[in-house]
Amino acid sequence: MTSRTIAIGDIHGCSQALEAIAEEIQPAADDTLVLLGDYVDRGPDSRGVLEFVLKLEKRCRMMPLLGNHELMLLDALQNPQVIGPWLECGGGATVKSYDGRLSNIPEEHLAFIRRCKRYYELPQHFFVHANYAADVPLDEQPDYLLFWEHLHFHVPAPHENGKRAIVGHTSQKTGEILDLGHIVCLDTYCHGGGWLTAMEVESGRTWQVDRQGRPRRNDQ
C-alpha cells in the first residue's frame, strides 16, 4: 500500500476531534501527518491534544508546523506582560486545561512546540500555517506571513516554486474547505462549531469530524 501524506487543520484544543479523526484516518507507520499548527487555545483540552499528538508521533511519521497560538504561549512563558493578551485570545482555555497554572505544562509538551517547523515542502506541495509571499523562497519567508496574515486580508499568487500550498489559520466558519486551486485552507473552525478537517494531499480525499468527534455525514 502506498504511503500517504495527510494534512490536518487547526485543532485548537479539540482533543476529542483529533482522536476521532485519527481513528478515521488510521495512519500507518509509513504515512506522514502534517499538522498545520494551532494545537492549543480556544478549545477545551489543549493538554489532551498535545498528549495525543505525542502518542501519534510514535505511530507514524509526523511533520508538525508551528502556529501563531504556540508562539503566543511561548511568549507568555517568557514575558508576563503578554500573558493578558494571550489569555484573551484563547489562552485562558489552555491554562484551564493545565489545572489553572502555566507552570503545570510538562516540559515534554513545551519541547514538542519548540521543535515544530516553520514550513514543510514536498515535490508537489508545501505547507505553512498561515500565508506566504509568492516571490520569496520558503526558507526566507517573514514570520508575519507564515504565522499571522489571514487570507481574508491577502490571497497570495501561486508561489514561484510552482507547488500547491496547504495552509490553516484563516478559519472557514462555513465549515467548508477553501480551495482556490493553488492554495487550500483546512482550518474549518472546529472549536467554534465547524469541523476538524484532514486531507490526503495526493488524492484530495478528506475526512471531517466535529468538536465531539462525530464524523461528518454526506448531508451535513
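In this predicted model, five strands form an open sheet in the order β3-β2-β1-β9-β10, and the pairing within it is mixed. Its edge strands are β3 (61-64) and β10 (206-209), each of which pairs on one side only. Direction ignored, neighbouring strands of the sheet are turned against each other by 20° on average. At the β3 side, strand β2 (residues 32-35) runs parallel to β3, and the two are joined by four bridges. A convenient place to find this pairing on screen is Thr-32, which stands opposite Arg-61 in β3.

A further open sheet, again of five strands, has the order β4-β5-β6-β8-β7 and mixed pairing. Here the edges are β4 (120-121) and β7 (178-179), each paired on one side only. The pairing of β4 with strand β5 (residues 125-127) is antiparallel and rests on two bridges. Tyr-120 stands opposite Phe-127 in β5, which gives a handy reference point for this pair of strands. As general background to both sheets, strands pair through backbone hydrogen bonds, either parallel or antiparallel.

Among the helices, α4 deserves a careful look. Helix α4 covers residues 83-97, 15 residues in total, yet its end C-alpha atoms are only 16 Å apart, whereas a straight helix would reach 21 Å at 1.5 Å a residue. A bend of about 90° is located at Gly-90. Gly-90 is also one of the buried residues of α4, together with Trp-86, Gly-91, Thr-94, Val-95 and Ser-97. These buried residues pack against two other helices, α2 (46-57) and α3 (68-78). Beyond the helix comes Asp-99, with a positive phi near 60°.

Helix α2, one of the packing partners of α4, also contains Glu-57. Glu-57 has a relative accessible area of 27% and is therefore partly exposed, since the buried class ends under 20% and the exposed class begins over 50%. Leaving out residues up to four places away in sequence, Glu-57 touches Met-62, Phe-112 and Arg-115. For a sense of scale, Glu-57 and His-150 are 93 residues apart in sequence, and their C-alpha atoms are 29 Å apart in space.

The loops hold several residues of interest, beginning with His-12. His-12 sits in the loop between β1 (5-8) and α1 (15-25). With a relative accessibility of 3%, His-12 counts as buried, because buried means under 20%. A polar atom of the His-12 side chain lies 3.3 Å from the backbone oxygen of Asp-41. The contacts of His-12, not counting residues up to four places away in sequence, include a run of neighbours from another part of the chain, namely Asp-38, Tyr-39, Val-40, Asp-41, Arg-42 and Gly-43. Two further histidines, His-69 and His-191, are also touched by His-12.

Arg-42, one of the residues touched by His-12, belongs to the loop between β2 and α2. Its backbone is worth checking: Arg-42 has a positive phi of about 75° although it is not a glycine. At 41% relative accessibility, Arg-42 counts as partly exposed, whereas its contact partner His-12 counts as buried at 3%.

His-169 likewise has a positive phi of about 75° without being a glycine. This residue is found in the loop between β6 (164-167) and β7. At 7% relative accessibility, His-169 counts as buried, while Arg-42 is partly exposed.

Gln-141 is located in the loop between β5 and α6 (143-148). A relative accessible area of 3% makes Gln-141 buried. The side chain of Gln-141 reaches the backbone oxygen of Val-136 at 2.7 Å. Val-136 also appears among the contacts of Gln-141, which comprise Arg-118, Tyr-132, Ala-133, Val-136, Leu-146 and His-159 once neighbours within four places in sequence are left aside. Gln-141 and His-12 can thus be viewed side by side as buried loop residues: the side chain of Gln-141 reaches the backbone oxygen of Val-136, and a polar side-chain atom of His-12 lies 3.3 Å from the backbone oxygen of Asp-41.

Definitions and conventions: Residues numbered from 1 in each chain as written. Predicted model: local features only at pLDDT ≥ 70, side-chain atom pairs only at ≥ 80, totals over all residues. Heavy atoms only, no water. Expected span 1.5 Å × (residues − 1). Bend = angle between axes of the 7 residues up to and from the residue. Buried < 20%, exposed > 50% of the residue type's maximum accessible area, 1.4 Å probe, protein only. Contact = heavy atoms within 4.5 Å. Polar contact = N/O pair within 3.5 Å; in protein donor to acceptor, adjacent residues only side chain to side chain. Pairing = 2+ DSSP bridges. Axes fitted to C-alpha atoms, helices over the stretch in contact; angles between N-to-C directions.
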